[in-house]
Amino acid sequence: MENLTRKTMIGAMLCAMAVPAAAQDKVEATVQADFVSSYIWRGQDLGDVSLQPTLGVSYKGLSLTAWGNVGLSDPDDTKEFDITLAYSTGGFNIGVTDYWFNSPNDRYFSYAAHETSHVFEANIGYDFGPVAVQWYTNFAGNDGLNDSGDRAYSSYFEVSAPFSLAGCLWQATVGAVPYATSFYADAGGFAVTNVSLRASKDIKVTKIFSIPLFAGITANPSTEKAYLVCGFTLRP
């Protein structure tokens, strides 16, 4: 969650996509699983074929979401478990995410400085309709370092634009790291790390059941790498 699958679907989750509070007058639940050909996040390659489950509840703009990633083709891929608390009203959204990875410390309840695998991130953004803007900053945990060897308070921002074309829903995204941090592929300063285009379409299986299929291209100008990702979502 920001990524072809993660928190774009919480906001991806993720980080929270703006949902008008008036549209939620009762508690709603989210249960789904994404299967992806590779795990690409903000222009970084984090794993091969993966399963990414989501469990969440929301009420009048307030949401609590759990999201995870586990590699299916490579047992050495990093396992991940994220929890996001977010609030949105109108186009405005704000949230806090606790990311956890099984490396360098595979103990989930270890929060000691210089030992924890948790990363805590705050995000704020606004969805103007044709264009949405998001800003993310790490404020605690296993953050990256800047050129001086100090905590970088690693940040990332992106601009995304959804549109419809040829029967598919599309989203174009451009994301960048504003200053030096080792958290984003050792960015030595301002760096564009994510230029992506994603398309999705529901594939009808029966009269009452369809499977959302998606595919996308992501380029990272900073590392000079590019990725083609596809996947599908299962939900009730």
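**Exercise 1. Find how many aromatic pairs the whole structure holds, and describe the ring pairs that Tyr-108 forms.**

Step 1. A search of the whole structure, which is a predicted model, finds 16 aromatic pairs, where rings of Phe, Tyr and Trp (its six-membered ring) pair if their centres lie within 6.5 Å, with planes under 30 degrees apart counted as stacked, over 60 as edge-to-face and the rest as tilted.

Step 2. The rings of Phe-81 and Tyr-108 have centres 5.6 Å apart and planes at 35 degrees, so this pair is tilted. Because Phe-81 lies in strand β6 (residues 80–89) and Tyr-108 in the loop between β7 and β8 (118–127), the pair ties together parts that are 27 residues apart in sequence; strands here are DSSP runs of E with at least two residues, numbered from the N terminus.

Step 3. Tyr-108 also pairs with Phe-109, and since the ring centres are 5.0 Å apart with planes at 80 degrees, this pair is edge-to-face.

Step 4. For accessibility, buried means under 20% relative accessible area, exposed over 50% and partly exposed in between (1.4 Å probe, protein chains only). Tyr-108 is therefore buried at 19%, Phe-81 is partly exposed at 32%, and Phe-109 is exposed at 70%.

A note on the values: because this is a predicted model, local features need pLDDT of at least 70 and side-chain atom pairs count only at pLDDT 80 or more, while totals for chains, interfaces and linings use all residues. Residues are numbered from 1 along each chain as its sequence is written, and side-chain values use heavy atoms, with hydrogens and water left out.

**Exercise 2. Determine which residues have the most contacts inside the largest nonpolar core, and which residues ring pairs link into a cluster.**

Step 1. A nonpolar core is a set of buried Ala, Val, Leu, Ile, Met, Phe, Trp, Tyr and Cys residues joined through side-chain atoms within 4.5 Å. The largest one has 13 residues, and those with the most contacts inside it are Trp-41, Tyr-99, Val-119, Tyr-156, Val-177, Phe-183 and Tyr-184. The elements giving two or more residues to this core are β2 (39–41) and β7 (92–101).

Step 2. Ring pairs link Trp-41, Tyr-99, Phe-101, Tyr-136, Tyr-156, Phe-183 and Tyr-184 into a cluster.

Step 3. With contact meaning heavy atoms within 4.5 Å, and residues up to four places away in sequence not counted, Val-177 touches several residues, including Tyr-156, Tyr-184 and Phe-190.

**Exercise 3. Place Ser-154 in the fold, and decide whether Ser-154 counts as buried or exposed.**

Step 1. Ser-154 lies in the loop between β9 (132–141) and β10 (155–165), and at 0% relative accessibility this residue counts as buried.

Step 2. Leaving aside neighbours within four places in sequence, Ser-154 is in contact with residues that include Tyr-136, Asp-143, Thr-181 and Phe-183. A polar contact of 2.5 Å joins the side chains of Ser-154 and Thr-181; the term denotes a pair of N or O atoms within 3.5 Å, of which, within protein, one must be able to donate a hydrogen and the other to accept it, and residues adjacent in sequence count only if both atoms are side-chain atoms.

**Exercise 4. Trace how β10, β11 and β12 pair.**

Step 1. β10 and β11 (residues 168–177) pair in the antiparallel sense over 9 bridges, two strands being paired if DSSP finds at least two bridges between them. The bridge partner of Glu-158 in β11 is Gly-175.

Step 2. β11 is joined to β12 (residues 191–204) by 9 bridges, and these strands run antiparallel, with Val-174 standing opposite Val-195 in β12.

Note on methods
Helix = DSSP H or I, 4+ residues; strand = E, 2+ residues; numbered from the N terminus.
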